[in-house]
Structure formats: structure tokens, C-alpha cells
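Colleague: I have a structure open and would like to learn how to read its sheet. Could you walk me through it?

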Amino acid sequence: MIDTTQVTFTVGREAQPKTDQNGVQRVERSTNIPMWSVQLVAMDNGGAEVISVTVAAPAPPKVSIGSPVVPVELQAIPWAQNGRNGVAFRASDIKAVTGSKSSAAS
């Protein structure tokens, strides 16, 4: 899990189906629930980074471009495949921020 208390997130691109190389939407292996990818801009004191966060849900997260959000249970998962490597980001949900920042973080 990633501590996101000092980070603000803004939607860069709305939820898109996470697809395989054939264009078929991926599903979570254990539950068969569809997977969605949401592009977020993560900003902290060190600057900003664009990340794609995967969420497994029956329907895409209801977030819109430019809106502040909070990724729930955000995880960073390192990967390596065929000589390439990186970090995949996954969350159980992405919720729109309502009210003050302190209430959204709790």
C-alpha cells in the first residue's frame, strides 16, 4: 500500500477498459470482474507524475477529467517481463473528492 496522505490526485483521462493485445477487456482472474484503467496526475511537494491505475469493478469508476479524486487502497506492483520492467498501480476504487481534503483522506 502507498501512503497517499501527502499526495493529491487529478483525473487525466476517464476510465477506459483495460484490454489485452487483442483488444478484449481483461478481467480479474479470481473474480471474473472487468478491469478498468484510469489515468491520474499525482502531485506532491516533489512535483507531478502521470500514472495509470487499474481498478476491478463491474462498471467504470465515475470520475471526470480534471476532477480531484482519491484512489482507495492504492498499491504499487513492480513487474519485469521480456527484458522490460516498470511499476503497475492498482486500487480497489477511485472516488471523487467531496468536501475538504482532510475528510477525503480518512
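**Reading the sheet**

Modeller: Let's start with one pair: F9 stands opposite V69 in β4. Bear in mind that this is a predicted model, where local features need pLDDT of at least 70, side-chain atom pairs count only at pLDDT 80 or more, and totals for chains, interfaces and linings use all residues. Residues are numbered from 1 along each chain as its sequence is written, and side-chain values use heavy atoms, with hydrogens and water left out.

Colleague: What counts as a strand, and when do two of them pair?

Modeller: Strands are DSSP runs of E, at least two residues, numbered from the N terminus. Two of them pair if DSSP finds at least two bridges between them. Here, β1 (residues 8–17) and β4 (residues 68–72) pair in the antiparallel sense over 2 bridges.

Colleague: In which sense do β3 and β6 pair?

Modeller: Strand β3 (residues 47–56) and strand β6 (residues 84–90) are parallel, again over 2 bridges. V53 has F89 in β6 as its bridge partner.

Colleague: How many bridges join β5 to β6?

Modeller: There are 7, and these strands run antiparallel. W79 sits opposite G86 in β6. The two strands form a hairpin with 2 residues between them, and N82 in the turn has a positive phi of about 50°.

Colleague: And what is the strand order of the whole sheet?

Modeller: It's an open sheet of 7 strands, β5-β6-β3-β2-β1-β4-β7, with mixed pairing. β5 (75–81) and β7 (93–96) are the edge strands, each pairing on one side only.

Colleague: Where do side chains point in a regular strand?

Modeller: They alternate between the two faces of the sheet.

Conventions: Helices (H or I, at least four residues) and strands (E, at least two) are DSSP runs, numbered from the N terminus.
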